[in-house]
Amino acid sequence: PATSSTTIESIESIIVDLPTIRAHQLAMTTLHRQSLVIVRLRCADGSTGVGEATSIGGLAYGDQSPESTQLAIDTYLAPLLIGQDAGNVNAAMALMNRHVQGQSYAKSAIETALLDALGHRLGQPVHALLGGALRTSMPVLWTLASGDSARDVDEALGLMEARRHRVFKLKIGKGDPAANVAHVAHIKRALGDEVLITVDVNQAWDETTAQRSIAALEQAGVGLVEQPVARRHRAALARLAARFDVPIMADESINGPEDALELAQEAAADVFALKISKAGGLLNTLRTAAVAEAAGIGLYGGTLLEGSIGSIASAHAFAACPQLRWGTELFGPLLLKDDIVTARPDFRDFELHLTQAPGLGVSVDEDKLAFYRRDRQRTAVA
Ligand code: MUC
Ligand code: MG
């Protein structure tokens, strides 16, 4: 019979560097490749699980890099967990939280691997382990961030035609705010009334710039404004949320349930961007979602531009959220030229579709992993 009890035997972390299909320009960096930390967990009964920790642009986006995440896993978290019960995810997370501060990306990747392995042992998908899916497919927007307005419009038209995406997020905050607004207005005009356009400022503006620019973005018909001011400037975020009709979404300002509670008390945002990496796992993402739901705040399924493993792990958590009013941005795998899984996620009819396969429902392609891993031993002589 299926059993959940077995011991953790090994936890391995592997950094993988994957090229992107085009440059991806954000306020703080421009990406040409993504570096994923892949976690592989093995249990005493032979069952295995995978997880992923990914950030954007080394230390440009957040305070955890692929290299620091690998160090946290190899030096601190793996030794702590080896010999522990792989079936008790809450106990494993509590142990890590007791002995290791921060490191939410590493903890998220390990929790994902534990849930994947547990799902394999029990023959259940991860969303079932989280209490059950309220949806097994979810809308996915696309981020237009080529750095060129005309190219962005062409890209959006092609993706709508292919029924891949019909909501678009524009990354702004780099350079002149008036030029940013003109870029957004141009794209909104070109795509028309029916297409929802959102913007992500990634903390780039001060409050007065945000006031001026959001007024113009609202005029241009933008539907959602993400993290216009610095993460810590919550009072400014709250004033902007009160001042404008266009919903304001907190991203960098919110990690887990404690932030959600404070932001809700301060009425600092209309929508919260959930990310398994920020929350330190799928379970803590659901706790964050529960606070939002209790406060009547909308939810959005965010990404740190993970590959297939991290994106599918996120989708399992978002499937179990009480609501997902603003859809998701789980397009990370589509931004990568290649990935390290045997079958890439199922994106069609504007949505990402989850399966009922056990665990995450993804398998590592060993050849691709061997090819893209950073520490690959090159045997060929130049
Ligand atoms: C972010 O700040 O939301 C999400 C989509 C994208 O293009 O970048 C990320 C990060
Ligand atoms: Mg964001």
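Is Glu 262 buried, partly exposed or exposed? In this predicted model, Glu 262 has a relative accessibility of 37% and therefore counts as partly exposed, the buried class being limited to values under 20% and the exposed class to values over 50%.

The side chain of Glu 262 takes part in a salt bridge with Arg 234, in which the closest N and O atoms are 2.6 Å apart. Glu 262 belongs to helix α9 (residues 257–265) and Arg 234 to helix α8 (residues 234–243), so the contact ties together parts that are 28 residues apart in sequence. Arg 234, at 13% relative accessibility, counts as buried.

Across the whole structure, the search returns 19 salt bridges. One of them pairs Arg 22 with Glu 155, with an N to O distance of 2.7 Å. Here a strand and a helix are connected: Arg 22 lies in strand β1 (residues 8–25) and Glu 155 in helix α5 (residues 149–161), so parts that are 133 residues apart in sequence are tied together. Arg 22 is buried, at 5% relative accessibility, and Glu 155 is also classed as buried, at 17%.

A further salt bridge is formed by Lys 169 and Asp 200, whose closest N and O atoms are 3.2 Å apart. The two residues lie in strands β6 (residues 167–171) and β7 (residues 196–200), respectively, so this pair ties together parts that are 31 residues apart in sequence. Relative accessibility is 2% for Lys 169, which counts as buried, and 1% for Asp 200, which is likewise buried. The pair is part of a network in which salt bridges with shared partners join Lys 169, Lys 171, Asp 200, Glu 226 and Glu 329.

Two members of this network, Asp 200 and Glu 226, also appear in the metal site. The magnesium ion (ligand 2) has as its protein donors Asp 200 (OD), Glu 226 (OE) and Asp 251 (OD), at 2.0 to 2.2 Å from the ion. Along the chain, these donors follow the spacing D-x25-E-x24-D. Asp 200 is in strand β7, whereas Asp 251 is in the loop between β9 (248–250) and α9, so the two ligating aspartates tie together parts that are 51 residues apart in sequence. Asp 251 has a relative accessibility of 0% and counts as buried, as does Asp 200 at 1%. Asp 200 thus takes part both in the salt bridge with Lys 169 and in the coordination of the magnesium ion (ligand 2).

How values were computed
Residues numbered from 1 in each chain as written. Chains lettered and ligands numbered in written order. Predicted model: local features only at pLDDT ≥ 70, side-chain atom pairs only at ≥ 80, totals over all residues. Heavy atoms only, no water. Salt bridge = Lys/Arg side-chain N within 4 Å of Asp/Glu carboxyl O. Helix = DSSP H or I, 4+ residues; strand = E, 2+ residues; numbered from the N terminus. Buried < 20%, exposed > 50% of the residue type's maximum accessible area, 1.4 Å probe, protein only. Donors = N, O, S within 2.8 Å, 3.2 Å for Na, K, Ca; no water.
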